[in-house]
Amino acid sequence: MPETAARTRADVGRYVSDAWRERYFTACDAVYALGAPARSEEDVETSFGTTHVYRYDTEDRAARFRTPVVLVHGAGSCSAMWYPNTPALSANRPVYAIDTPGDPGRSVQREPIHRPEHAAQWLDETLAGLGLDRVHLVGSSYGGWLALNQAHLKPGRLASVTLLDPGGLEKVGLRFFVWIFASLFATFAPKALRPRLAAWLEQPVLVVPELRAMIRTAVRAYRIRRPAPLPLSEEELSTIRTPLYLVLGKRSLLVHPQRQAERVPRLVPGARAEIISGTGHGPQIDHAEEINRRMLDFMASVD
């Protein structure tokens, strides 16, 4: 898809140049190679742009007929971030990983989707274009807001929602942005210091060379053009009836874990909430085996 299609709007995300876009794709491909190989890739046309989707499958015939999983990544990243999860998840059921328009990746944004109703419409059109009528939706960080928003506004295709240290529960505070910038600066630290900084910042990006290169390239290659999403109100959360599983890092700086672990099940009937010790904002990366097992157990209980 020509990059010039996205240059006509000042309020949509874009690459700074075709050359930087290709450099980012190369960095992404190195991260994809750490996970399960995608069986296929597909572009889905929506009212908001072209959504690029990766599909993962297993040789287990029975697994192919289970309710599929749809993965929605965090802000400033792409679906390559799911490399620790695609092997285990796709061994159990079909998996679709979506590049969100407005973030670096292979999707092309033509209209903004930051308004809640637009985000829900975009994701519903994407699922419809994939021919998916019932899915287990999994979202991390900003992808968690997208998943939570979908459960509120357009839940018809959702079998369940899993939220991994998600946005959408409370206003993003200064402490989170400080952590983001500190983590970015730490990617430039000498190699010998990175493991210590990774432990201090709860930032696995620093000790995975391919992931570190992808994040650093994204910052230079892509310009995100959207405001931070507003959290859902208690009234909005209380409308959700989709089975919901909330996973929070004990040292999360995006939300207050204990507060949300108590609040969400009170507002969303039947919601399950768990706090994972020894992690911050990326439990599915630095505790991948445990989180994969928990997610699959939850999905099986819903099915």
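How many helices and strands does the secondary structure of the protein chain come to? In this predicted model, the count is 12 helices and 11 strands. The chain has 303 residues, and buried ones make up 54% of them. A look at the contacts adds to this: of those with a separation of 6 or more, 75% link residues that sit 24 or more positions apart.

A good place to start is strand 8, which covers residues 158-164. Seven of its seven residues are buried, so strand 8 is largely enclosed by the rest of the structure. It has a partner in strand 7, and the two pair in the parallel sense over six bridges. One such pairing puts His-136 together with Ser-160 of strand 8. Strand 7, helix 5 and strand 8 together make a β-α-β unit, and that unit is right-handed.

Strand 8 is also joined to strand 10 by four bridges, and here too the strands run parallel. Thr-162 stands opposite Tyr-245 of strand 10, and Leu-163 stands opposite Leu-246. Strand 10 then pairs with strand 11 (residues 272-276), again in the parallel sense, over five bridges. Here Leu-248 has Ile-275 of strand 11 opposite it. To get from strand 10 to strand 11, the chain passes through helix 10 (residues 257-267), and this β-α-β crossover is right-handed.

What about the burial of strand 10 itself? Strand 10 spans residues 244-249, and six of its six residues are buried. In a regular strand, side chains alternate between the two faces of the sheet. Strand 10 has Leu-244, Leu-246 and Leu-248 pointing one way, while Tyr-245, Val-247 and Gly-249 point the other way, and all are buried.

Next come the nonpolar cores. In soluble globular proteins, nonpolar side chains tend to be buried together. The largest core in this model has 39 residues, and those with the most contacts inside it are Val-70, Leu-137, Leu-148, Leu-237, Leu-244 and Val-268. Among the elements giving two or more residues to this core are strand 4 (69-72), strand 5 (95-98), helix 4 (116-129) and strand 7 (135-140), along with strand 8, strand 10 and helix 10. Helix 5 gives the most, with six residues. For a view around one core residue, take Leu-237: leaving aside neighbours within four places in sequence, Leu-237 is in contact with Leu-148, Leu-169, Leu-232, Arg-263, Leu-267 and Val-268. Apart from this core lies another, of 38 residues, including Tyr-56, Cys-78, Ala-80 and Trp-82.

Finally, there is helix 12, made up of residues 288-302. From first C-alpha to last, its 15 residues reach 21 Å, close to the 21 Å expected at 1.5 Å a residue. Which residues of helix 12 are buried? They are Ala-288, Ile-291, Asn-292, Met-295, Leu-296, Phe-298 and Met-299. Seen down the axis of helix 12, these buried residues fall within an arc of 160 degrees, so they line one face of the helix. The general geometry helps here: an α-helix has 3.6 residues a turn, so residues three or four places apart point the same way.

Key: Residues numbered from 1 in each chain as written. Predicted model: local features only at pLDDT ≥ 70, side-chain atom pairs only at ≥ 80, totals over all residues. Heavy atoms only, no water. Expected span 1.5 Å × (residues − 1). Buried < 20%, exposed > 50% of the residue type's maximum accessible area, 1.4 Å probe, protein only. Arc of directions from axis to C-beta. Pairing = 2+ DSSP bridges. Right-handed = clockwise from strand over helix to strand, strands pointing away. Core = buried A, V, L, I, M, F, W, Y, C linked by side-chain atoms within 4.5 Å. Contact = heavy atoms within 4.5 Å.
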